[in-house]
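Here's a quick briefing on how the nonpolar and aromatic side chains are arranged. Have a look at the model first.

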Amino acid sequence: SFRTSLDSFTSFFPLRQIVAEAMIKVASNLRGEDFDSEAAAADYLVEENVFKKTDRVNIGSIVPQVADAQLLSLLSGMNPNARTRSIVDSMMKILKLLNPVIIILEGDGDIDPSSWSLLAEIMQRAREECPTIMIIVSSRNSPTITSAASNLRRNAVQVKLAPFEKSETEQYLRFLLRIEGTEVGIDQRLIDVVHDRANGCPPLI
């Protein structure tokens, strides 16, 4: 999923696209035919007893299209921790059917506290319920992880990515042009132009 700085004010926004795609993927696999909407996929999962109706409401906290506002209002008075556990109960029903899973949250905005709590709960339960799962969070700055999700920091590996040097840009171009390990040269002017325009990140050109 992708987020911006404006999305940090919306609970569970970073997980919206991920959960929606997971539902559609599971429903499509079960039916042997693709679904084109989250709501239709949720309906099918209820019909096939993958979800109960309460699961649909829980998932609606993340993907609003699958539950109406009146049903979602029933969750508003729940204890936040109990609500998080309940939502993860429902998420695990589809994640374990997709195992192994890689959840990638990319962008330049902060992740809202509710999403951090959800990610922490997922990882805490993953060993028993969805053992082959990895969460990757990309951020321009070190992400602010809430205290409720401190277990994520304890078990995380932080990798710092730096812009390409000019020599690395040349290596990348050689790879793209499939001339690695050959004597074929690349005009230095091309290397200079690509490096300057890409600002150290040639895949973005």
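The notes below cover the cores, the aromatic pairs and a surface patch.

This is a predicted model, so local features need pLDDT of at least 70 and side-chain atom pairs count only at pLDDT 80 or more, while totals for chains, interfaces and linings use all residues. Residues are numbered from 1 along each chain as its sequence is written, and side-chain values use heavy atoms, with hydrogens and water left out.

**Cores**
- The largest nonpolar core (buried Ala, Val, Leu, Ile, Met, Phe, Trp, Tyr and Cys joined through side-chain atoms within 4.5 Å) has 41 residues, and Ile62 and Met91 have the most contacts inside it.
- At least two residues each come from α1 (13–31), α2 (38–47), α5 (80–98), β2 and α6 (113–129); helices are DSSP H or I runs of at least four residues and strands E runs of at least two, numbered from the N terminus.
- α1 gives this core its largest share, 9 residues.
- A second, separate core has 5 residues, including Leu173 and Val194.

**Aromatic pairs**
- There are 2 aromatic pairs (ring centres within 6.5 Å, using the six-membered ring of Trp; planes under 30 degrees apart are stacked, over 60 edge-to-face, the rest tilted).
- Phe35 and Tyr44 sit 5.2 Å apart, centre to centre, and their planes are at 50°, so this pair is tilted.
- Both Phe35 and Tyr44 are buried (under 20% relative accessible area; exposed is over 50%, partly exposed in between, with a 1.4 Å probe and protein chains only).
- Phe164 and Tyr172 pair edge-to-face, at 6.0 Å and 70°.

**Surface**
- Ile104, in strand β2, is partly exposed at 40%.
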